[in-house]
Amino acid sequence: QVRREFEALHEFLWREERALLAELRDEARSKRELLEQRMGRLQDESRALLAEARQLQADLQEDDHTFLMTHKNRKRRIACTAEEPEAIPLGTLLDVPKYLGSLQYNVWKKMLDIITVVPFSFDPGSAASWLSVSDDLSSVSNRGFQLSVENPERFTSAPCILGSRSFSSGFHAWEVDLGGITNWRVGVARPHGGTHWTFHHDSRSGFWFIYRLQGKDECRASNSVRSEAAPLGEVRRIRVELDCDEGELSFYNAERRSHIYTFHDNFGGPVCPYFYVGVPRGDGKAEALRICPLRVRVQEDIP
């Protein structure tokens, strides 16, 4: 997978190189054709002047009277006014800064369009045996139980998985695309400290999350009384805001920008993003729960 990721970057750079060199060749050919046309006109004018000079030399071999009678209009015919040399028009030279000016930076900015940045990845080492994590570690789906390598970090009692980062201070936010999943949990969990995960996931055991059960149109919180958070309706994206310093964990419907529920608690140390991905309804296709990518902005400033 690492090799494929680098191959994708290499392919992007090769495409950019080929496109830029092709544009450079096209401009060079256009400028060369323009110069060749100008040189052609100058050569025609030069040949005409040389022909006139040779004719004049031949006529000078005649006697003066014949020369003056035959060529009394020559002065008027060949007279020309001295003019300023024609200036080279703008745009004749190659636009070198267009191709070399901040080349690496400009290509890097284009690269941002093909790169997906997420606030954290899924941790496949913690994924329960029901779950399948995508190659880029940004989505997970429930495809039924499959034998997995035993791992103390792996959930065994439910199709759960953790995020790859832990948070112990400051403010953090991320959004989760639920896809078509109707049985899910989204929240945070306290690391288990090297022992197997507990079977009971609630705030008393270090799990703070909201959840939805199959066939229910409501959302509940994992506190001691399983409080109803809010009616959900059709929710596809949830925003999670974690303020470690204030001990607050808030959930919002990201599409409607409406509040769902807020925990006020002492998390007791670092916490990781926590997810439960339920089985699809009936014989339906396994839907993926996905971490929404971040928007990357480039700010340029004078140091």
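Which residue in S9 is the bridge partner of His172? In this predicted model, the partner is Leu242.

**The sheet**

That bridge belongs to a longer run of pairing. S4 and strand S9, residues 237-243, are joined by seven bridges. The two strands run antiparallel. Both sit in an open sheet of seven strands. Its order is S1-S2-S13-S4-S9-S10-S11, with antiparallel pairing. S1 and strand S11 (258-264) are the edge strands, and each of them pairs on one side only. From one strand to the next, the twist averages 20°.

**The cores**

Leu242 also appears in the largest nonpolar core. This core has 34 residues. Leu242 is among those with the most contacts inside it, along with Trp174, Trp184, Leu249, Phe251, Phe275 and Leu289. Another core lies apart from it and has 12 residues, including Ala128, Ala158, Cys160 and Ala189.

Phe275 deserves a closer look. Not counting residues up to four places away in sequence, Phe275 touches Phe120, Phe122, Pro159, Cys160, Ile161, Gly163, Trp174, Val176, Arg185, Val186, Leu289 and Ile291.

**Aromatic rings**

Phe275 is also part of an aromatic cluster, together with Phe120, Phe122, Phe167 and Trp174. The count of aromatic pairs comes to 13. One of them is formed by Trp130 and Phe145 and is edge-to-face. Their ring centres are 5.3 Å apart, and the angle between the planes is 70°. The pair links distant parts of the chain, 15 residues apart. Trp130 lies in the loop between helix H5 (103-111) and strand S1 (131-133). Phe145 lies in the loop between strand S2 (139-142) and strand S3 (160-162).

**Two residues at the 20% limit**

Is Trp130 buried or exposed? Neither term fits: Trp130 is partly exposed, because its relative accessible area is 22% and buried means under 20%. Thr182 is partly exposed too, with a relative accessible area of 22%.

| Residue | Relative accessible area | Class |
|---|---|---|
| Trp130 | 22% | partly exposed |
| Thr182 | 22% | partly exposed |

**Around Thr182**

Where does Thr182 sit? Its place is in the loop between strand S4 (171-177) and strand S5 (184-189). Thr182 touches Arg212, Leu213, Gln214 and Arg281, leaving out residues up to four places away in sequence. Thr182 and Tyr211 are 29 residues apart in sequence. In space, their C-alpha atoms are 9.6 Å apart.

Notes
Residues numbered from 1 in each chain as written. Predicted model: local features only at pLDDT ≥ 70, side-chain atom pairs only at ≥ 80, totals over all residues. Heavy atoms only, no water. Core = buried A, V, L, I, M, F, W, Y, C linked by side-chain atoms within 4.5 Å. Buried < 20%, exposed > 50% of the residue type's maximum accessible area, 1.4 Å probe, protein only. Contact = heavy atoms within 4.5 Å. Phe/Tyr/Trp six-rings, centres within 6.5 Å; stacked < 30°, edge-to-face > 60°. Helix = DSSP H or I, 4+ residues; strand = E, 2+ residues; numbered from the N terminus. Pairing = 2+ DSSP bridges. Axes fitted to C-alpha atoms, helices over the stretch in contact; angles between N-to-C directions.
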